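Here is a walk through one protein model, taken in steps. Keep the sequence and the coordinates open as you read.

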Amino acid sequence: MSRALVYGLAVAGESTARALRSRGYEVLVADDEVTDARRAVAASLDAEIVERPADAELERLVRACDLVSPAPGVPETHPVVAAAQAFEVPLVSEIELAYRWEQERRGGPRPMLAITGTDGKTTTTLLAVEMLRAAGLRTIDAGNTDTPLVDAIDLDLDAFVVEATSFRLNWTPTFRAEGAAWLNLAPDHLNWHRSMATYEAAKAQVFANQRVDDVAIGFVDDEVVMRRLREAPGRHITFGAADADYCVVDGALHGPGGAIAPLTSMKRSLPHDITNALAAAALVIETGLAGADAVGAALERFTGPPHRLQHVGTWDGVAWFNDSKATTPHAAAAAIRSFERVVLVAGGYDKKVDLSPMAATPEHVDAVIALGATAPAVLAAFERVARREVVADMDDAVALAARIATAGSTVLLSPGCASFDQYRGFEQRGDHFCDLVRALHESRETS
């Protein structure tokens, strides 16, 4: 019987462990933080869970296994990675395992599309799913979503759209997508990766195993993405606002086959909305899974996920937007560019990245309200903005923003940082912001 070590037993780790067990593996599990819930999962797998194994114990676990599958939260600097590499035990992510098992499927493997990038992955993935569904295909967003790919392959589907983070791509010696889109690259996750070079190399795995008849899609305005696209073995396709295979012409999304859909059909058409739509359109059209009609139908009904420039409401001429998903400076900068007269709420967990790119357009910002571990760095990044203040928490941030903002301005939560210093994730942070904003204005209306 083959034996596997799954390190990390959160959502993806649990799914990976169960999938391995169902396919005949003896599963060993370990985690740096063992909770009662994780002990229960291990017990259901007839496995003892080892908490933060010391070097000798970790070596024993790794050497006893045929493969090691680190959960996405386990960084490449972790001792389990070093041990697996030292003893030449293969490191594989959940999307790698799912890909291998899908190749063995009776009836043949189903198409896989993959999307990576520092920002825009989730929205582009969901757009591609909507486009495939409009074309009549049964599909799901998998990978860095509520459904790990190891679970998705057991569903009755026609195709998969994989949101492929660097954490999952890092350990993919064979994973291949018939269509792969790389949206952009900016410094991020430098608390997980050893360096910017290893972060880039992980992203590049989205193209690495493609065949010559697969399609590799890259953002024309990103120098690193274009360099990697030129090296990709698949057929090369570009997207961007202009001078690309998929671009904007005469107010419409346009591809090699002509006009696809007018921009007016989109519920929102900010610059990053347009490039996300172009990337998704290229992915589904170039792989032959959907046509322009399906793309247009999907764009007409797509509203976008929450926490991504989500309009909370407008009161007394002040618009409030929740962009909690902007966990990188690059994403926050894109949001800030979308508005004039911004009262910005930013800051959070320190991922060891330079925050100065957030302030690319300081002329758009009237005031900065900083919170969290990175508050001092946020203030430093926006040194050209006259009004900058630090607050203790989101309650204080919303209250201060309400006092500062005047008619015609926009209060924008776009943190540029992760949320783990104060919240379980960006969703909880965004929900808290929305709840506070609504409660504030409800209290004013009843007073």
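In what order do the 6 strands of the open sheet run? The order is S6-S7-S5-S8-S9-S10, and the pairing is parallel. Strands S6 (141-143) and S10 (235-239) stand at the edges. Each has a single partner strand, so one side of each is left without a neighbour in the sheet. From one strand to the next, the twist averages 25°. Bear in mind that this is a predicted model.

Now step inside the sheet. Strand S8 covers residues 179-182, and strand S9 covers residues 215-219. The two pair in the parallel sense over 4 bridges. To find one pair of bridge partners, start at Ala-180 and cross to Ala-216 in S9.

Next come two helices that lie across these strands. Helix H9, residues 196-208, lies across S8, S9 and strand S5 (112-116). Its direction is at about 150° to S8. Helix H10, residues 223-231, lies across S8, S9 and S10. H10 runs at about 160° to S9. Strand S10 is thus met again here: it stands at an edge of the sheet, and H10 lies across it along with S8 and S9.

Move on along the chain to helix H13 (329-337). How many of the 9 residues of H13 are buried? The count is 7, so the helix is largely enclosed by the rest of the structure. Alanine recurs in the list of buried residues, with Ala-331, Ala-332, Ala-333, Ala-334 and Ala-335 among them. Pro-329 and Ile-336 complete that list. What covers these buried residues? The cover includes strands S16, S17 and S19 (410-413).

Two loop residues deserve a look at their backbone. Arg-341 sits in the loop between H13 and strand S16 (342-346). Its phi is near 55°, a positive value in a residue other than glycine. Is Arg-341 buried or partly exposed? Its relative accessible area is 33%. Buried would require under 20%, and exposed over 50%, so a value in between is called partly exposed. Arg-341 is therefore partly exposed.

Lys-352 lies further on, in the loop between S16 and strand S17 (365-370). Here too phi is positive in a residue other than glycine, with a value near 65°. The relative accessibility of Lys-352 is 57%, so this residue counts as exposed.

Technical notes:
Residues numbered from 1 in each chain as written. Predicted model: local features only at pLDDT ≥ 70, side-chain atom pairs only at ≥ 80, totals over all residues. Heavy atoms only, no water. Pairing = 2+ DSSP bridges. Axes fitted to C-alpha atoms, helices over the stretch in contact; angles between N-to-C directions. Contact = heavy atoms within 4.5 Å. Buried < 20%, exposed > 50% of the residue type's maximum accessible area, 1.4 Å probe, protein only.
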